[in-house]
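The following exercises concern a protein model with a bound ligand. Each task is followed by a solution worked in steps.

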Amino acid sequence: MYTTELQKSDSKPVAIKEPQELIDAFEARVAADAFIEPKDWMPDAYRRTLIRQISQHAHSEIVGMLPEGNWITRAPSLKRKTILLAKVQDEAGHGLYLYSAAETLGASREEMIDALHSGKAKYSTIFNYPTLTWADIGAIGWLVDGAAIMNQVPLQRTSYGPYARAMVRVCKEESFHQRQGYDALIVMSNGTDEQKAMVQDAIDRWWWPAIMMFGPPDDNSPNSAQSIRWRIKRETNDELRQKFIDATVPQVHLLGMKVPDPDLKWNEERGHYDYGALDWDEFYAVVRGEGPTAKERMEARRKAWDDGAWVREAADAHEARRRLKAAA
Ligand code: FAQ
């Protein structure tokens, strides 16, 4: 018995036959919650799904450095500057663990970076919005890292070992990020009227994009069913979105602020907040690369890559010399 997978190649699809006994053994391991490791046999579609998700996750961490990085020189105190610097460096580290995890599946770093720079690969919609005030930096830490944690905690139990292990450290660091963001907003929301207004304005602009981060609704999420079956995703987009809203609304109130959703209401029967309709047209436009800062973000990434060419060349030359010496 064989299953037939269609693998996309540049020219025409190639049918790959995968032995049923290997598929059965793989599925049994996944069902038993065992990790799949790089040298284990895995269906090609599983490998490709992971490369897609992990590389897009890595790109999000790296592009995600830009909106906050642009505030390092403008942080209001030395303490806030140090914290922000550490946070942005953490995001770079997350990107690197994730690229390394994707490399264990056979994707090359160049291939992944090229897919990002050419617009073929996606990165999170959230990083296509501008950071206009210092309160936006607090809102990113609290809401964006908060949404990221909600999504990533279950990924610590994702079925692919290197991805799951990367998530353990990432989640610890994201928790610090979320707290520092909330802390910055607590200070501002106890400050002047102008500062309070900045906090509300930041919440008004970041709330909806943050809850869109979880992806399309379950009935319009083409990858979810298979990813849940393979235990790559452990919870659906809507389940995570609901958990995030339930956890975050009381935090908004604690700041003395309002959630910018007139339809938000506690539903006693469901034991959850009901919330208003998301603007999915906006979400898909941003996914297509039409977000407010999309062009600027990609230009910054391409420039950073080109400016770093000499470092990669120097590292290659160093490695070539080391090998030559070792062979001598
Ligand atoms: N943005 O069928 P689904 C962070 C795409 S890390 C753009 O539901 P899936 C840390 C999706 O790729 C934030 N595209 O897809 C930080 C798919 O297109 P494709 C990133 C999106 O994969 C904080 C299509 O829509 N986190 O913030 C988005 O099952 C502060 C259909 O969707 C991760 O990547 C979106 N928001 O579920 C850093 C976590 N949502 O690929 C710096 C890992 C969906 O078929 C500063 N990823 N799409 O062409 C995941 O959990 C999943 O990939 C989802 C999407 C949940 C994002």
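**Exercise 1.** Locate Arg80 in this predicted model and decide whether Arg80 is buried or exposed.

*Solution.* Step 1: Arg80 belongs to helix α4. Step 2: the relative accessibility of Arg80 is 10%. Step 3: a residue counts as buried under 20% relative accessible area, so Arg80, at 10%, is buried. Step 4: once neighbours within four places in sequence are set aside, Arg80 is in contact with Ala75, Trp134, Gln180, Asp183, Ala184 and Val187.

**Exercise 2.** Determine which polar atoms of Met213, Asn223 and Lys233 face the ligand, and at what distances.

*Solution.* Step 1: for Met213, a polar backbone atom is 3.1 Å from a nitrogen atom of the ligand. Step 2: for Asn223, a polar backbone atom is 2.9 Å from an oxygen atom of the ligand. Step 3: for Lys233, an N or O atom of the side chain is 2.7 Å from an oxygen atom of the ligand. Step 4: the ligand taken alone exposes 1100 Å², of which the protein buries 90%.

**Exercise 3.** Describe the shell around the ligand by element and by residue class.

*Solution.* Step 1: the ligand is surrounded by 35 residues, the closest being Arg52, Lys122, Ser221, Lys233 and Asn237. Step 2: α2 supplies the largest share of this shell, with 6 residues. Step 3: the elements that give two or more residues are α2 (44-63), α4 (78-103), α6 (134-152), α7 (161-189) and α11 (280-290). Step 4: sorted by class, the shell holds 13 nonpolar, 13 polar and 9 charged residues.

**Exercise 4.** Examine the phi angles of Asp33 and Arg231, and place both residues in the chain.

*Solution.* Step 1: most residues other than glycine have a negative phi. Step 2: Asp33, which is not a glycine, has a positive phi of about 65°. Asp33 sits in the loop between α1 (20-31) and α2 and is partly exposed, with a relative accessible area of 46%. Step 3: Arg231, also not a glycine, has a positive phi of about 60°. Arg231 sits in the loop between α9 (224-229) and α10 (237-254) and counts as partly exposed at 27% relative accessibility.

**Exercise 5.** State the confidence of the model for the protein chain and for residues 1-11.

*Solution.* Step 1: the protein chain has an average pLDDT of 95, and 95% of the residues score at least 70. Step 2: over residues 1-11 the pLDDT is below 50. Step 3: beyond near neighbours in sequence, residues 1-11 have 31 contacts in the model.

Notes:
Residues are numbered from 1 along each chain as its sequence is written. This is a predicted model: local features need pLDDT of at least 70, side-chain atom pairs count only at pLDDT 80 or more; totals for chains, interfaces and linings use all residues. Side-chain values use heavy atoms; hydrogens and water are left out. A residue is near a molecule or strand if one of its heavy atoms lies within 4 Å of it. A polar contact is a pair of N or O atoms within 3.5 Å; within protein, one must be able to donate a hydrogen and the other to accept it, and residues adjacent in sequence count only if both atoms are side-chain atoms. Accessible areas come from the Shrake-Rupley method with a 1.4 Å probe; for residues, only the protein chains shown count as cover. Helices (H or I, at least four residues) and strands (E, at least two) are DSSP runs, numbered from the N terminus. Ala, Val, Leu, Ile, Met, Phe, Trp, Tyr, Cys and Pro count as nonpolar, Asp, Glu, Lys and Arg as charged, and the others, Gly among them, as polar. pLDDT is the predictor's confidence in each residue, from 0 to 100. Contact means heavy atoms within 4.5 Å. Buried means under 20% relative accessible area, exposed over 50%, partly exposed in between (1.4 Å probe, protein chains only).
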